[in-house]
Structure formats: structure tokens, C-alpha cells
Amino acid sequence: MLSLPGLNLTAPPLDPVALASAPAITRTQDLSPNKEFRFEVPFGRTITIKLLSGTAEYFGTEFAPNQLYSFSGTKGAVYSWHGCRLEIGGSGGDVSEYVAEETGMMGYANAHFSLEALRERAAHGIEGPRVLIVGPENSGKTTFTRILTSYAVKSGRQPMVVNLDPRQGMLSVPGSMSAAAFSSIIDVEDGWGSSPISGPSPIPVKMPLVYHYGIGNPELENGKIFKPLVTRMALAVMSRLEEDRMSKQAGLLIDTPGAISAGKGGVYDNIEHIISEFSVNIVFVMGMERLYSDLTRKYSNLPSSDTVNIIRLDSSGGCVQRDEEYMKALRQAQIRAYFFGNNDEVALAPQSQMADFEDLHIFKIKEGQDANALFRAYDDFGSTPDIYERVTPTPELQNSLLAVTTAAANDRQEMIRDASIRGYIYVADVDETKKKVRLLSPQPGQTPPNALILGSFPEDVPGLVS
Ligand SMILES: Nc1ncnc2c1ncn2[C@@H]1O[C@H](COP(=O)(O)OP(=O)(O)OP(=O)(O)O)[C@@H](O)[C@H]1O
């Protein structure tokens, strides 16, 4: 058990099996050049992989020789350009695995080299490629973004990565949108890694820019909150690029939610909005012939100064459908990792704090106020829209996440709506008699006096602390 400073809180172990030592029974697996070892390991099981000889990488990050990597609740692949020998532990049972002859890696590497050529050409003052990645759910967008990021970092670049997919958080919890400049290698086991928005971190930190979205699927609200947030994010990212020559030259890599690639009658409102707000000039379409041809038609007649190149890439055969149950477990694991770290070695120490009801300024979108009203409020400059209502803590609040905005509690509501996020806190307990709330925060310090937002996504995380 992790023991936390503060109130003698204990975190339930992340995953008892995952934290156990490496499986005793191992076997070797040879991979010939350009082959991929794919595996699916459910939550509660662990597979370990060690590189015995040759070279291998995990979605663009090289394996260190003889280091033991553990994976739990993961669908992943180890690829080798030149061939290698792996030691695998913990296979069998409900862990599935196979060696794939066909992989998408050649196409992904070629995409990277084309982007490198553009970055080379991006002389002083000229910006690097602004890349958008679209395609249906589970078509490999995030994986491709991760590979492009790793390869760019390996080439000495510092790309700005933007995650607009609330289904899966990047350097933050699900439900948020974030952007960060990456200059260090992406961790094999931890993915995008952690950041100061979460807590002290043993690996080089990335300071992300985070906005709270709080909705799982942008198409459900017709992009009416999504679009203004994209606009905010684009403005903030552009101003960061202006201050950072390295990232300006390396350019942008923007990952998107699969839902926006469905479109309506050949119109892809949200995609077009992202392209225009971020001045995207390269769009990779994963799989999806129809989206590719619709976008090509739409962007083929622009003047050369505004060229948007649409490029289709095959979706890797390794991409796996992830059902809602798995996605929920993944979200909960991400939230747990946000507060407690990914495993024993990078245990974070979230602080437990008691707050009086009156010290908390919690807002949620007004009852009966739909997304359209919120959108009208965006359109309606000059007025003070009544978007949120104040929430007094009740036991229903228990187990939910609150986004800590950078806005003050008495700021105008549209300022709260447009504010970026300092981090998230978790409501561990509500005591209505004493009018006190027990909170868990990744950062030490006082309960923030800022405006706190309660969203409807992601769902509650029961049992984060016991
Ligand atoms: N080559 C591969 N071998 C094994 N698993 C893979 C491979 N490529 C991707 N996956 C897995 O398939 C799943 C879907 O991939 P990914 O998350 O990249 O898709 P996505 O298009 O970003 O999905 P979404 O839009 O739903 O977020 C992930 O669990 C990923 O780890």
C-alpha cells in the first residue's frame, strides 16, 4: 500500500498483479526485421518484455537492452526495424499475442521523414508543418501521433503536441484537452508521462496547457462547446509557438477524437474548424477512404498560400476496438495515475485536504441550460451570460473530479468558461453535518480559492482512496 502524507490516507494498490514482481516463467521470441509483436493484456494481468539482443521500439520509443518493461491493461506492439530477440513473461490465459508480418510502420516512418524535410526547409521565421490527424475511433490516431512525436524528438526536434480527444487524456485526465512541447523521449510504459499539473515527476517535465471540456463526445453537443475551446486552445498554442523557436520550427501534431471524423452528409464541421483555427497545412487521414476524398475535394482548390495537403495512411492491422468497459477502466487508470503515479517507482504523493463548504466555489453548467445556450453565450459578446450555477457540496459530489480553473470565483462567468486549468482535485468525502469536504489534490498547498468546475465526463471514480 502507498502511504500518503497528510491524513494517513492509503491508496488502494493500482493493480495488485501489476505491482507484483516479474512473472517467473518466461520464453524468448525472435522477431525478424520489419515485424511486430502485438499483445493485448487486460487490466489485472501483466506481461513483461525484455530486449535480449537487436533493436526494438514501442510506438516509436526504443527499448533499452536488458531492461524489464511491464504492461497491464494495454493493447500494444513491439516493432523491430532490424530484428531482435525478446524475452516475454506472463503470457497465456487471457493475454493474447501474435507476430504480425504486415505493419504500418513503413508508412509512418515515411510520414516522419516528409515532415523532417519540411522542418529542414523551415528556415528562420518560417513555421514547421502543422499536422492534423483524423480518422474513425480506434484507427490508430493516437498511436501515430505518439510515433511522430517520438521520431521528431529523436531527430532533435521539439514538436508541440495537441490532444483534442477527451476520451483519453494527455498529461492530464480524460475529459480535458491539452497541449505541450515535447523534448524528451516518450516513456515506454507510461505513455505521454506525467507533468507538473499532476505532481512531482522523476522524468523531465512538460508543462502542458490544459482546458477542461468535461464532455465525452463533441458530436453530441454539435461541437458547440468544442469549437470555442478549440479556438481558445489555438490562440494559446500560437502564442506559445511565438515564444519558442524550436517548437515553431518542429510544428504541431494534433490528435483528434474519432467522433468528429463521422461528419454529417460529407460535411466535417469540427475538422474544418480545427484546420482553420490552427492553420493546419497537412492532414493525415487514417484509413477512411470517404473522409479522405471528401476532404481532398474540399481543400483542393485553395490558393497555393493556403494549401492543405490531405494524405491517406492505412490504419495498422494491429489497431484494436476498445469497448466501453475497457475505455472506462483506462480512464480510471489514467485518473488514478494522475494522482498516485503509474507504479511504485513513480509514486506521487497527493495531499489530502479538508475544506469548509464555504471555501469551495464550485460551478456546473446550469440545470436545463443546454450546450446551445452556452454557445449562444459565446456568440453574445458584451453580455454577461448566466452559464453556470453554484453548487453546494452534497454526498452526490463524492468521487467526482473538479477542474481547478485559473479564474477567480468572482470573475465573470465567461472568464471562468474560457480559463485554462491548473489541475484537478478529487472529492473523497462530503460531510453534510460538519459542512466539510475531504479533497485529494496532486499539489500540496491550500484549497484553491479559484473557480472549480464540475463536469459530466469522465464519470465518477469510486474508491480512489480508501
Ligand atoms: N500496431 C498495433 N499493434 C497493437 N495494438 C495497436 C497497434 N496500433 C494501435 N494499437 C492499439 O489499438 C488501440 C487503438 O489505437 P489508438 O488509440 O491509436 O486509436 P485512435 O484512433 O487514437 O482511437 P480513438 O479515436 O478511439 O482515441 C490502442 O489501444 C492502441 O494501443
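Modeller: A polar contact is a pair of N or O atoms within 3.5 Å, and within protein one of them must be able to donate a hydrogen and the other to accept it. Everything that follows concerns a predicted model.

Colleague: Which residue's backbone oxygen does the side chain of Ser139 reach?
Modeller: Ser139 is found in the loop between strand S12 (130-134) and helix H3 (141-154). From this loop, the side chain of Ser139 reaches, at 2.6 Å, the backbone oxygen of Pro136.

Colleague: Is Ser139 buried or exposed?
Modeller: Buried means under 20% relative accessible area, whereas exposed means over 50%. Because the relative accessibility of Ser139 is 3%, this residue counts as buried.

Colleague: Which residues does Gly140 touch, not counting residues up to four places away in sequence?
Modeller: Gly140 lies in the loop between S12 and H3, and with a relative accessible area of 9% Gly140 is buried. Ser139, leaving aside its neighbours within four places in sequence, is in contact with Met286, Ser315 and Cys319. For Gly140, with residues up to four places away not counted, the residues touched are Met286 and Cys319.

Colleague: Which of the residues that UniProt lists for "binding site" does the lining of the largest cavity include?
Modeller: The UniProt entry, which is unreviewed, lists Glu36, Lys75, Asn138, Ser139, Gly140, Lys141, Thr142 and Thr143 under "binding site". Of these residues, the lining of the largest cavity includes Thr142.

Colleague: Where does the largest nonpolar core lie with respect to domain 1 and domain 2?
Modeller: This core has 45 residues, of which Phe63, Phe71 and Leu86 touch the most other members. Since domain 1 (15-103) and domain 2 (105-313) both give residues to the core, its place is between them.

Colleague: How many residues are in the second, separate core?
Modeller: This second core is separate from the largest one, and Val162, Ala179, Ile215 and Val230 are included in it. Its number of residues is 37.

Colleague: What separates the C-alpha atoms of Ile47 and Ser70?
Modeller: Ile47 has its place in strand S5 (residues 47-54), and at 0% relative accessibility Ile47 counts as buried. Leaving aside its neighbours within four places in sequence, Ile47 is in contact with several residues, including Tyr69, Ser70 and Phe71. Although Ile47 and Ser70 are 23 residues apart along the chain, the separation of their C-alpha atoms is 5.7 Å.

Colleague: Which helices and strands do the buried residues of H6 pack against?
Modeller: Helix H6 covers residues 269-277, and its Asn270, Ile271, Glu272, His273, Ile274 and Ile275 are buried. Just after H6, Ser279 takes a positive phi of about 45°. The elements against which the buried residues of H6 pack are S12, helix H4 (226-243), strand S16 (252-255), strand S17 (282-286) and helix H7 (289-299).

Colleague: With which side chain does the side chain of Asp418 make a polar contact?
Modeller: Asp418 has its place in helix H10 (residues 413-418), and its relative accessible area of 18% is why Asp418 is buried. At 3.2 Å, the side chain of Asp418 makes a polar contact with the side chain of Arg417.

Colleague: Among contacts between residues at least 6 apart in sequence, what percentage join residues at least 24 apart?
Modeller: The protein chain contains 10 helices and 25 strands, and of its 466 residues 54% count as buried. Among contacts in this chain between residues at least 6 apart in sequence, the share that joins residues at least 24 apart is 76%.

Technical notes:
Residues are numbered from 1 along each chain as its sequence is written. This is a predicted model: local features need pLDDT of at least 70, side-chain atom pairs count only at pLDDT 80 or more; totals for chains, interfaces and linings use all residues. Side-chain values use heavy atoms; hydrogens and water are left out. UniProt positions are given in the numbering used here, feature names are shortened, and annotations may be inferred rather than shown by experiment. On a 1 Å grid over the protein atoms alone, a cavity is a set of points where a 1.4 Å probe fits but cannot get out, and a pocket is an open set with protein on both sides within 12 Å along at least five of seven lines; lining residues have an atom within 4 Å of a point. Helices (H or I, at least four residues) and strands (E, at least two) are DSSP runs, numbered from the N terminus. Buried means under 20% relative accessible area, exposed over 50%, partly exposed in between (1.4 Å probe, protein chains only). Contact means heavy atoms within 4.5 Å. A nonpolar core is a set of buried Ala, Val, Leu, Ile, Met, Phe, Trp, Tyr and Cys residues joined through side-chain atoms within 4.5 Å. Domain bounds come from an automatic or database domain assignment.
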